[in-house]
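Student: Could you walk me through this structure, one question at a time? I would like to see how each answer is reached.

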Amino acid sequence: MLQLIKFFTNNRSGILFVFLELVAFGFIINSHSYHHSKYLNTANAISGTILKKSQNIQDYFTLSSQNKELIRENEFLKNQLEKKINESTNKTASPIDNISKYNFVAAKIISNSYYKRNNILTIDKGSKDSIKPNMGVILSNGIIGITLNTSTHFTTVLSLLNSQTRINAKMKKSHHFGSLEWNGNDFSHVQLFDLPIQAKIQKGDTIISGGKSLIFPEGIPIGIIESYSVRDKAYQNINIKLFADFSALNYVYVVKNRRSAEQIQLEQESNNE
Amino acid sequence: MGYIDPYVYIIFVFVFPFNKDKTGLLVGSFILGLFIDLLTNDGGIHAFSLVFIAYIRFFLLRLLSGKSTFEIEESTIHTLRFPILFMWIVILTIIHHFLVFTLEQFSFTHFGHLIFKTVVSTLLSMVLIIFGLQLFMTKKSHA
């Protein structure tokens, strides 16, 4: 017994080292199953506040590019509005269509990351603004990710640039579906998988979000096909150049689907029958 | 760019006094690492890597300088010869960065990319760390 105590006191730092490494490794494993990574994420008050403060300072250095981005976005929305006004004067829409399916909450990115294999962002809106996990995060010209954990004032977002993200996408011209994933090499390109060979594709074709998921509205532009190859009667390596620049994200929109509960319930009922 | 990803906080392991208790260094490294993880959503990657280099820093210094444990405990970062100090920091930085990027990817499938990222980031970290140490040192000599 005395020898045992002696061993422990002599190797105190060694044992402490092994213990700390095990705890740290536990955290790493935990963070890889993202549904359970509740302990160490930036959606907590302390790091959220620190990140927000530092972002506030950094904002001053990008004011002109932020302005340009807002002007571009304004122009885009004005055009959309104009189109909608023209449409609504031409035909009488059914009243149910007037209740929009989605509404959007603007949020500011306070911590951006795009250079890692698995990127997670933090935004400055939380459960106080009724943001929940599994909501879409978008720009007018791209999909950013899916909300992960929320606290009162902050939310973490699983970026499109993450090995765990799969996003339903389709061809703008032919409505063939595929799945977007990221291979981890270059933050301006993602890859499209499972596109059937029947879809005729060309370089320069536009990819938009598909309407199959409850998370994202249909038809958000994502990017264009930059290169692809065909092998064994299947598409390989369809490389998509993203419209959105992940290295310069600032304001994003969180998508709330008003009918998602209704749709999930309906689908479950149909499955049970 | 997306490749260069320097970490300067590891300077903590270099400037922590040699004659202080090892427990303080390990616990301090763990807490600092967790703090970085908290800000970067990295789970426990930085805590793991920082505790690792904190633990081996003493053995490595003994190996590089050929001095005994007692002699090292007597010396400080200011009394070390520069080539030894430099090698010591380079090796620890490479180990730390390699661990961080490996744990981040969690696989060796893009090994070339991993090595490239480690080397490039180490270079930039080294410049920043040496610069930072210079600040520490000059402050000391004036005091």
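Student: Glad to have it in front of us! How many residues does the contact take from chain A and from chain B?

Tutor: Happy to start there. This is a predicted model, where local features need pLDDT of at least 70, side-chain atom pairs count only at pLDDT 80 or more, and totals for chains, interfaces and linings use all residues. Residues are numbered from 1 along each chain as its sequence is written, chains are lettered from A and ligands numbered from 1 in the order in which they are written, and side-chain values use heavy atoms, with hydrogens and water left out. With contact meaning heavy atoms within 4.5 Å, the two sides give 33 residues from chain A and 31 residues from chain B.

Student: What area do chain A and chain B bury between them?

Tutor: Buried area is the accessible area (1.4 Å probe) that two parts lose on being put together, summed over both. Carbon and sulfur atoms carry 66% of it here. The total for chain A and chain B is about 2900 Å².

Student: Which element gives the largest share of the side of chain A that touches chain B?

Tutor: Let's begin with the charged pairs: a salt bridge is a side-chain nitrogen of Lys or Arg within 4 Å of a carboxyl oxygen of Asp or Glu, and one such pair is Arg12(A) with Asp21(B), at 3.5 Å between the closest N and O atoms. On the side of chain A that touches chain B, two or more residues each come from helix H2 (12-32), helix H3 (45-59) and S2 of chain A; helices (H or I, at least four residues) and strands (E, at least two) are DSSP runs, numbered from the N terminus. The largest share, 15 residues, comes from H2(A).

Student: Which residue of chain B forms a salt bridge with Lys116(A)?

Tutor: The closest N and O atoms of this pair are 2.8 Å apart. It crosses between chains, from the loop between S1 and S2 of chain A to the loop between helix H2 (22-40) and helix H3 (45-65) of chain B. Both residues are buried, meaning under 20% relative accessible area, with exposed over 50% and partly exposed in between (1.4 Å probe, protein chains only). The partner is Asp42(B).

Student: Why does the salt bridge of Asp59(A) and Lys108(A) tie together separate parts, and how many residues apart are they in sequence?

Tutor: The two side chains meet at 2.6 Å, N to O. Asp59(A) lies in helix H3 of chain A and Lys108(A) in strand S1 of chain A, so the pair links parts that are 49 residues apart in sequence.

Student: Is strand S1 of chain A largely enclosed or open, and how many of its residues are buried?

Tutor: S1(A) spans residues 102-111 and is largely enclosed by the rest of the structure. Strands pair if DSSP finds at least two bridges between them, and S1(A) pairs in the antiparallel sense with S12(A) (residues 251-257) over 7 bridges and with S2(A) (residues 120-123) over 2 bridges. The buried count for S1(A) is 7 of the 10 residues.

Student: Which residues cover the two faces of S2(A), and which residue in S5(A) stands opposite Thr122(A)?

Tutor: In a regular strand the side chains alternate between the two faces of the sheet. Ile120(A) and Thr122(A) on one side of S2(A) and Leu121(A) and Ile123(A) on the other are all buried. S2(A) also runs antiparallel to S5(A) (residues 155-159), joined by 4 bridges. Opposite Thr122(A) stands Thr156(A).
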